[in-house]
Amino acid sequence: MTTKVQPKLIIHGGAGSSLQGKGGVEKVRQLLHQIVEEVYTILLAGASAKSAVVRGCQLLEDEPRFNAGTGSVLQSDGQIRMSASLMDGTAQSFSGVINVSRVKNPIDLAQFLQDSPDRVLSDYGAGELVRELQIPSYDALTDTRLQEWLQERQDNFQRTMAGVVAEPELASSNNARRGTIGVVALDTNGHVAAGTSTGGKGFERIGRVSDSAMPAGNYATNHAGVSCTGIGEDIIDECLAPRIVIRVTDGMSLEEAMAKSLKEAGDNKRDLGAIALDGKGAIAWGKTSDVLLAAFHDGNKIGDTLELPGGTLTGCI
């Protein structure tokens, strides 16, 4: 008889510069805590880690304040192209879609591809999959993201990326923010899964590929799972998610693996964040950016990382 374990959960809605105003912090906290509560409930009811990750990503994609699904940023040509991936730590199976358009939940495509012989599809291939599955066409554009793009167009796209949180008062801000959403879950059977989804940097060159659809930004084994956020190129250069997971697999504690990996990233002047769980139930997070929009459930209570002291690199419970 398999011994049941206490499920654990951590999610994120991006990383970047400080949120403007207490109202912004409190609204994001409310959204994240609400999603954690809903997803943790299904984990307690026996849902698999993979199912919980997909549900958490769907809820985060559907929230227009976050840069994934509805509320995704626009690329330089004014189009929305989204990427997402899912990794089942038990099956050691990675799947994803790159630069897909006109779909509500890119994570659903990543989930379907888990059982496909071709597990990562880009633009035309992902679009063909949408048609094959008869998924209704969906417009992910929000007015705030459109205004953000129009303002940046007037400035000839001088900013390198769009806002991690879509708020009207932030659309004209020059504070660069990096947006992704992600979920890592440990289920009652001790299985780990991770999922990540994004609308991209915003204003980027057509065809740019995000870390969110690569193992570099989303990776899991039964030892640990990691979802990354921040500047995708920095995450790719660090190969951050597998770096943390492999260190745990090789015997390092999750806390040590996160601390070592984030210190290296900081030394290399990277701008990023990560959330993680291990198979023993430890929860960890790290950031080199000012803010990491993460929330978690440790089995007893919900917590978050929205107001960590300045200079805090990592944390673990």
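The questions and answers below go through a predicted model, from its nonpolar cores to a helix, a cavity and one strand residue.

Residues are numbered from 1 along each chain as its sequence is written. Because the model is predicted, local features need pLDDT of at least 70 and side-chain atom pairs count only at pLDDT 80 or more, while totals for chains, interfaces and linings use all residues, and side-chain values use heavy atoms, with hydrogens and water left out.

User: Which helix gives the largest share of the largest nonpolar core?
Analyst: A nonpolar core is a set of buried Ala, Val, Leu, Ile, Met, Phe, Trp, Tyr and Cys residues joined through side-chain atoms within 4.5 Å, where buried means under 20% relative accessible area, exposed over 50% and partly exposed in between, with a 1.4 Å probe and protein chains only. The largest such core holds 48 residues, and Leu9, Ile11, Leu32, Leu60 and Val100 touch the most other members. Helices are DSSP runs of H or I with at least four residues, strands are runs of E with at least two, and both are numbered from the N terminus. The largest share of the core, nine residues, comes from residues 21-44, which form helix α1.

User: Why do the buried residues of α4 line one face of the helix?
Analyst: In α4, residues 123-132, the buried residues are Ala126, Gly127, Leu129 and Val130. An α-helix has 3.6 residues a turn, so residues three or four places apart point the same way. Tyr124, Arg131 and Glu132 are exposed on the face turned away from the buried side. Taking directions from the helix axis to the C-beta atoms, the buried residues of α4 line one face because, seen down the axis, they fall within an arc of 155°.

User: How many residues of the lining of the second largest cavity are charged?
Analyst: On a 1 Å grid over the protein atoms alone, a cavity is a set of points where a 1.4 Å probe fits but cannot get out, and lining residues have an atom within 4 Å of a point. Among the residues lining the second largest cavity are Arg81, Asn99, Glu204 and Arg208. Asp, Glu, Lys and Arg count as charged, and the lining divides into one nonpolar residue, seven polar and, as charged residues, three.

User: Is Asn99 buried or exposed?
Analyst: Asn99 is found in strand β3, and its phi is positive, near 55°, in a residue other than glycine. Its relative accessibility is 9%, so Asn99 counts as buried.

Methods: 1 Å grid on protein atoms, 1.4 Å probe; cavity = no way out; pocket = protein on both sides within 12 Å on 5 of 7 lines; lining within 4 Å.
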